[in-house]
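Here is a friendly walk through one model, meant to be read with the viewer open. Have a look at the fold before reading on.

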Amino acid sequence: MNSLTNILLPEPTLRRLPWYLAYVDILRHKGVKHVSSTRISKALSVDASQIAKDLSFLGVKGRTRIGYEVNDLSRALGDFLGFSHQHRAYVIGCGSLGNALIRDSGLSNYGLQIVAGFDISPNVTGRDDLGVPIRDINAIYEEMKHNPAEIAILTVPPEVAQESADIAVGAGIKAIWNFTPYRVKVAEGVVMANTSIYSHLALIFTRLNSLQ
């Protein structure tokens, strides 16, 4: 992996880089060879100077009047963001959302390989139709021995979110991707990311109401 990934990026920059990658990959699939920061700016509504600054973290430089080489830029972004390398993950909570994430083969295109799911419901555990084993949450310690993962994706009800995170970390999980509305706490050294569907839904509803 590129040593530049060790740089601590400003979070706004890190959030923009996947936008650039998605757009550059669209161009790559269309056979476009070069792209300027101005063209990216017009497509994504991000200032061109900001784009150039963001991309400077990758060590990639555009050429005057030509821009960035699309294939090289796509590769550099994928490597920098970790999307070019497979990271193994468990889904904890195999209800509708967890089920959907397990079935989402597109995640593997961004380096996330879901290798097992866990739940507490006997109606869910033991399923064999999702392509990965679905086991009782207490079996996570055993699963880590022969089918280990680095990441746990939490899609459980909020009242068991903290307990589920604690079990995952206790089993040796190094990162938590939390989809629940509850803000779980983890020990220092464990990577934590919250993706709150509900807070964004509240934002949409609030803004819609303001238009009425």
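## Loops, cores and a sheet

R65 is found in the loop between α3 and β2 (68-69). This is a predicted model, and R65 is a good place to start looking at its backbone. Although R65 is not a glycine, its phi is positive, at about 65 degrees. The side of the story told by accessibility is simple: R65 has a relative accessible area of 82%, over the 50% cut-off, so R65 is exposed.

S45 makes a natural companion. S45 sits in the loop between α2 (37-44) and α3, and here too a residue other than glycine has a positive phi, near 60 degrees. With a relative accessible area of 69%, S45 counts as exposed.

### The whole chain

Stepping back, the protein has 212 residues, of which 40% count as buried. Its secondary structure comes to eight helices and eight strands. The C-alpha trace spans about 60 × 50 × 35 Å along its principal axes. Among contacts between residues at least 6 apart in sequence, 59% join residues at least 24 apart.

### Two nonpolar cores

In soluble globular proteins, nonpolar side chains tend to be buried together. In this model, the largest nonpolar core has 22 residues, and those with the most contacts inside it are L17, Y20, V35, L55, L73 and L77. Three helices, α1 (11-29), α3 (48-56) and α4 (70-81), each supply at least two residues of this core.

Which residues does L55 touch, leaving aside its neighbours within four places in sequence? The contacts of L55 are L17, Y20, V60, Y68, L73 and L77.

There is also a second, separate core of 21 residues, which includes I92, A168, I176 and V184.

### How α1 meets α4

Two packed helices are described by the angle between their axes and the distance between the axes. For α1 and α4, the axes come within 9 Å and cross at roughly 145 degrees. The crossing of this pair is left-handed. On the α1 side the contact is made by L14, L17, P18, Y20, L21, V24, D25, L27 and R28, and on the α4 side by V70, N71, L73, S74, L77, G78, F80 and L81. Sorted by character, the residues of the contact of α1 with α4 are 12 nonpolar, three polar and two charged.

Just ahead of this helix, P10 lies in the segment before α1. The C-alpha atoms of P10 and R63 are 25 Å apart, with their positions 53 residues apart along the chain.

### The parallel sheet

Strands of a sheet pair through backbone hydrogen bonds, either parallel or antiparallel. Here six strands form an open sheet with parallel pairing, in the order β5-β4-β3-β6-β7-β8. Why is one side of β5 and of β8 left without a neighbour in the sheet? Because β5 (134-136) and β8 (191-194) stand at the edges, each with a single partner strand. From one strand to the next, the twist averages 25 degrees.

Within the sheet, β6 (residues 151-154) and β7 (residues 175-178) pair in the parallel sense over four bridges, and A152 stands opposite I176 in β7. Helix α7 (residues 161-171) packs on the sheet, where it touches β3 (87-92), β6 and β7. The direction of α7 makes about 165 degrees with that of β6.

### Two buried residues

I173 has its place in the loop between α7 and β7. Not counting residues up to four places away in sequence, I173 touches Y90, M144, A149, E150, I151, A152 and A168. The C-alpha atoms of I173 and R103, 70 residues apart along the chain, are separated by 22 Å.

N99 lies in helix α5 (residues 96-103). Its contacts, again leaving aside neighbours within four places in sequence, are C94, R127 and L130.

The table below sets out the accessibility of residues met along the way.

| Residue | Relative accessible area | Class |
|---|---|---|
| R65 | 82% | exposed |
| S45 | 69% | exposed |
| P10 | 39% | partly exposed |
| N99 | 13% | buried |
| I173 | 2% | buried |

Definitions and conventions. Residues are numbered from 1 along each chain as its sequence is written. This is a predicted model: local features need pLDDT of at least 70, side-chain atom pairs count only at pLDDT 80 or more; totals for chains, interfaces and linings use all residues. Side-chain values use heavy atoms; hydrogens and water are left out. A nonpolar core is a set of buried Ala, Val, Leu, Ile, Met, Phe, Trp, Tyr and Cys residues joined through side-chain atoms within 4.5 Å. Buried means under 20% relative accessible area, exposed over 50%, partly exposed in between (1.4 Å probe, protein chains only). Contact means heavy atoms within 4.5 Å. Axes are lines fitted to C-alpha atoms, for helices over the stretch in contact, and angles run from 0 to 180 degrees between N-to-C directions. A crossing is left-handed if the near helix is turned anticlockwise from the far one by less than a right angle, and right-handed if clockwise. Ala, Val, Leu, Ile, Met, Phe, Trp, Tyr, Cys and Pro count as nonpolar, Asp, Glu, Lys and Arg as charged, and the others, Gly among them, as polar. Two strands pair if DSSP finds at least two bridges between them.
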